[in-house]
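Me: I have a structure in front of me that I have not seen before, and I would like to learn how to read its features one by one. Could you take me through them slowly?

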Amino acid sequence: MKPRHIIILIISLLSLTVAAQRRITPVKTPAKKSDLPAAVTTDSVNQRPESVVEVTGTDGKIILVDTISGKEYTDTILTVAPKLIYPRWESISVGVNLWDPLMRCFGQDYGLIGFWGEVSIHNWIKPYVEFGLGNASHTPDKGNYTYKSGVAPYFKIGANYNFLYNSNPAYSVYLGVRYGITNYSFDITDVSVYPGYWDENLTMSVPSQRVTTGYFEVGVGLRVMIASNFYLGWEVKVHNTLHSSKTKYGDPWYVPGFGTKGSLFTGALSFSYTLPFPASKKKRKELYAPVQDAALPAPAENTTPVEATATEAE
């Protein structure tokens with residue numbers, strides 16, 4: 001056999017071997033970028049493609065399924081906190097608690113007045129401080145003693161959580177948690193003990209006792225704007241004492257800023273002024289000025305009566 005024929009035979013055998021190998025062990029071609037389904041953005045319902053639907057999995061979790069490609073995606077809405085629309089430093093508020101002065105008009109014989117302030121962060125979390133004065137002069141009906149507590153200061157610190165943080169700041173519904181502390185004194189006078197050993201009436205007094213008391217408050221409140229940046233607020237609170245100094249004559253009846261020792265519930269009525277920071281003022285105008293303008297009635301058209309036009313034409 002000639003060398004040329006041998007070379008042709010070898011090339012033919014190699015070709016058949018390669019062809020057989022391709023048929024036996026096929027190699028998958030990598031998919032092109034254009035063949036892959038487009039990435040699905042799930043940060044907002046409005047940004048989802050129409051082909052993406054929600055399906056509840058066997059574990060109760062929400063799964064997003066693309067009905068065209070069959071791909072499954074994780075809904076990031078379930079893990080991403082809602083966007084806060086107001087700036088970090090939203091506003092500052094100062095107010096006065098009118099509950100005790102009002103109750104004194106109806107016969108309450110303890111409490112004076114309190115002043116508070118808070119800073120609004122994103123119209124969401126609002127750190128809170130309060131300073132006030134309290135006193136008491138109480139003689140129970142048909143009682144045989146008079147309880148007195150001089151004017152003493154109290155302080156409170158805490159925060160309010162606004163549930164309507166992405167709504168109009170003219171309204172807020174909040175949960176407040178606070179810690180209060182006060183240092184005060186009390187005494188009990190004209191304590192009558194009768195009949196005595198010899199059937200005579202005896203009178204005694206408890207000397208002044210100095211006490212420091214700490215307490216907590218948890219309240220739910222509503223605040224509504226009644227005029228430009230002026231608000232009225234109502235609050236219902238559950239409170240209890242945490243610690244108090246011990247005296248040999250027993251516990252005090254009244255605690256400044258807290259109320260009477262045996263009470264579980266109390267209330268608050270406040271009048272306040274809120275000053276929005278510049279960035280918040282701009283944001284409020286962007287959000288609510290168009291709505292207010294749209295609600296205003298359209299100006300009446302300047303129409304000219306037909307009779308007057310005809311008269312002018314003559």
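**Reading cavities, pockets, core and loops**

Reply: Let us begin with an enclosed space in this predicted model: the second largest cavity holds about 90 Å³ of space. Its lining is made up of 14 residues, and those that lie nearest its centre are K126, P169, R223, Y231 and T274. Two elements, β4 (89-97) and β8, give two or more residues to this lining, and β4 has the largest share of it with three residues.

Me: What classes of residue line the second largest cavity?

Reply: The lining of the second largest cavity divides into three nonpolar, six polar and five charged residues.

Me: How many cavities of 30 Å³ or more does a search of the whole structure find?

Reply: The search finds two, and the largest cavity has about 120 Å³ of space. Of the 16 residues in its lining, W116, Y128, E235, A268 and S270 lie nearest the centre. At least two lining residues come from each of β6 (125-138), β8, β9, β10 (230-244) and β13, with β10 supplying the largest share, four residues. By class, the lining of the largest cavity has six nonpolar, three polar and seven charged residues.

Me: How should I tell a pocket from a cavity, and how much space lies in the second largest pocket?

Reply: The general idea is that the probe fits inside a cavity but cannot get out, whereas a pocket is an open set of points. In this structure the second largest pocket contains about 240 Å³ of space. It is lined by 25 residues, and the closest to its centre are W99, D100, G257, F258 and T266. The elements that give two or more residues to this lining are α2 (99-105), β5 (113-121), β7 (146-162), β11 (254-255), β12 (259-260) and β13 (265-276). When the lining of the second largest pocket is sorted by class, 10 residues are nonpolar, 10 are polar and five are charged.

Me: Now I would like to step back to the chain as a whole: how many helices and strands are there?

Reply: The protein chain has four helices and 13 strands. Among its 314 residues, 30% are buried, and the chain exposes about 21000 Å², of which carbon and sulfur atoms supply 63%. For the contacts, one looks at how far apart the partners lie in sequence: of those with a separation of 6 or more, 63% are between residues 24 or more positions apart.

Me: Which residues touch the most other members of the largest nonpolar core?

Reply: A nonpolar core is read as a set of buried nonpolar residues joined through their side chains. The largest one here has 15 residues, and A136, Y147, Y184, I188, Y215, Y254 and V255 touch the most other members. Two or more residues of this core come from each of β7, β8 (171-193), β9 (202-227) and β11, and β8 gives the largest share, four residues. To follow one member outward, take A136, which touches R104, D109, Y110, Y147, K148, S149, W253 and Y254 when residues up to four places away in sequence are not counted.

Me: Where do H122 and N229 lie, and what are their phi angles?

Reply: H122 is placed in the loop between β5 and β6, and although it is not a glycine it has a positive phi of about 60 degrees. N229 is found in the loop between β9 and β10, and this residue, also not a glycine, has a positive phi of about 70 degrees.

Me: Why is N229 counted as buried?

Reply: The cut-off for buried is under 20% relative accessible area, and N229 counts as buried because its relative accessible area is 18%.

Me: In which helix does Y288 lie, and is it buried or exposed?

Reply: Y288 lies in helix α3 (residues 278-295), and it counts as buried because its relative accessibility is 19%. Leaving out residues up to four places away in sequence, Y288 touches Y86, N166, S167, N168 and P169. For one of these partners, N168, the separation from Y288 is 120 residues in sequence, while the two are 7.8 Å apart in space, C-alpha to C-alpha. You have already met another of the partners, P169, among the residues that lie nearest the centre of the second largest cavity.

Note on methods:
Residues numbered from 1 in each chain as written. Predicted model: local features only at pLDDT ≥ 70, side-chain atom pairs only at ≥ 80, totals over all residues. Heavy atoms only, no water. 1 Å grid on protein atoms, 1.4 Å probe; cavity = no way out; pocket = protein on both sides within 12 Å on 5 of 7 lines; lining within 4 Å. Points joined across faces, edges and corners; volume = space filled by probe spheres on them. Nonpolar A, V, L, I, M, F, W, Y, C, P; charged D, E, K, R; others polar. Buried < 20%, exposed > 50% of the residue type's maximum accessible area, 1.4 Å probe, protein only. Contact = heavy atoms within 4.5 Å. Areas by Shrake-Rupley, 256 points an atom, 1.4 Å probe, with all protein chains shown as cover. Core = buried A, V, L, I, M, F, W, Y, C linked by side-chain atoms within 4.5 Å.
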